[in-house]
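The following report describes the overall build of a protein model and then turns to selected local features of its backbone and side chains.

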Amino acid sequence: MDKAGVYIHVPFCKTRCPYCDFFSTTRRSLVPRWIEAILQEASQYEGLFPSFDSLYLGGGTPSLLGPQQLERLVRALDSRFSFAPDTERTIELNPEDVRPELLRSLRDLGFDRISLGVQSLDEVDLRFLARRHSVQDSFGSLDLIREQGFENLSVDLMYGLETQTPEKWLGSLKRMLDFQPDHISCYQLTVKPGTSFARLLTEGRLASLSENKASEFYTFTCSFLERAGYDHYEVSSFSRGEAFRSRHNSKYWHHAPYLGLGPSAHSFDGRYRWWNVRSVEAYRRALDQGRPAVAGRETLSEEQLLMERLLLGFRTRDGVPESLVAGCDNAARIVSDLERAGLITLRAGNLLPTRAGLLVADSLPLLFLGV
């Protein structure tokens, strides 16, 4: 089995962003008991995966955890699991939380990769997104992260905002490149059910981006970052060469195994998937009673596994092996049609999506499976 990854969901936030549909809570008083519950859950999975080579703390807002809380969590995980010597350790930070003492603590705990939630380098955009940080906070945190010796820096940016013009988006990208991040994730704002933005959209108080405008933003972003030397290796992800690709996220895209700990976290062992309850209280109660905090589980059929491998593979520039679709009806004709349409290229036995193909990546598997 390939080495797996560990994901820890830190569900605590000071406030909830209007676009976010991840599970979170503002009840930070629950943090100490949540840590104990995480470690109880980790003990339930000791030995399930032989070893890990990535650890990812996401959220929520992991940077709300104090240095002592982070140390308690990470040291205990190290004692329960086998981590490879070259394990990639990533933590998501918000710009307003970045302090020298936090960064020193993270470095001491072995974190070598920071994912910074910048979202925009425009104050109007940040207010629209109800972010708590300012542009200057982002500049200061980017400088601090480098000053503290982190050589693997990822930043998140968001496009397609109601307040955003192509010119402003270009300005954010150019200003960000001044800091030479090693990895950039560019996400289109997507209005998810149950969020504040979804309610505003229903009420007619929020404008959605047209499909044509979204394509223009996306195509421009890809061209700009590729010209700047970034490898566009996944739909939303750009890195300064293969060494800076997100190892942990790549496990999801390549259908590799991963263990998720915490409320709402998902896990996958290659065929079997399970996911946890979306409540800190219910999560704690289950573990206190010695039970898994699992809300649901499924065993994937061969057909489901194939669908997921195609869905995930076509999101990446690595594509999928042609042999994976060889058994599908009319596979040769479909491959030929997609090549002529400029959506894929065939290279060394692999079907690789082009930039145009990445725009419609989710529809490509459906052609092979006749869905």
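Among contacts (heavy atoms within 4.5 Å) between residues at least 6 apart in sequence, 70% join residues at least 24 apart. The model is a predicted one, in which local features need pLDDT of at least 70 and side-chain atom pairs count only at pLDDT 80 or more, whereas totals for chains, interfaces and linings use all residues. Residues are numbered from 1 along each chain as its sequence is written, and side-chain values use heavy atoms, with hydrogens and water left out.

The secondary structure consists of 14 helices and 15 strands; these are DSSP runs numbered from the N terminus, with helices (H or I) of at least four residues and strands (E) of at least two. The radius of gyration, taken over C-alpha atoms, is 21 Å, close to the 21 Å that the globule rule gives for 371 residues, so the protein is as compact as a globular protein of that length. That rule is 2.2 Å times the number of residues to the power 0.38. Along the principal axes, the C-alpha atoms fill a box of roughly 55 × 45 × 45 Å.

Of the 371 residues, 53% count as buried. Buried means under 20% relative accessible area, exposed over 50%, and partly exposed in between, with a 1.4 Å probe and protein chains only.

Helix α3 (residues 100-108) illustrates the burial of side chains: Leu 102, Leu 103, Ser 105 and Leu 106 are buried. These residues cover an arc of only 160 degrees around the axis, which puts them on the same side of α3; the arc is that of the directions from the helix axis to the C-beta atoms. Their cover includes α2 (67-80), β3 (83-93), β4 (113-119) and α5 (135-147). After α3 comes Gly 110, with a positive phi near 95 degrees.

Most residues other than glycine have a negative phi, and most peptide bonds are trans. Two residues that are not glycine have a positive phi, as tabulated here.

| Residue | Phi | Loop | Relative accessible area |
|---|---|---|---|
| Ala 130 | about 60 degrees | between α4 (123-128) and α5 | 38%, partly exposed |
| Gln 180 | about 50 degrees | between α6 (166-177) and β6 (183-188) | 48%, partly exposed |

The peptide bond from Gly 59 to Gly 60 is cis, with omega near 20 degrees. Gly 60 is placed in the loop between β2 (52-59) and α2.

Lys 213 belongs to helix α8 (residues 211-227) and counts as partly exposed, at 41% relative accessibility. Its C-alpha atom is separated by 17 Å from that of Asp 125, 88 residues apart along the chain.
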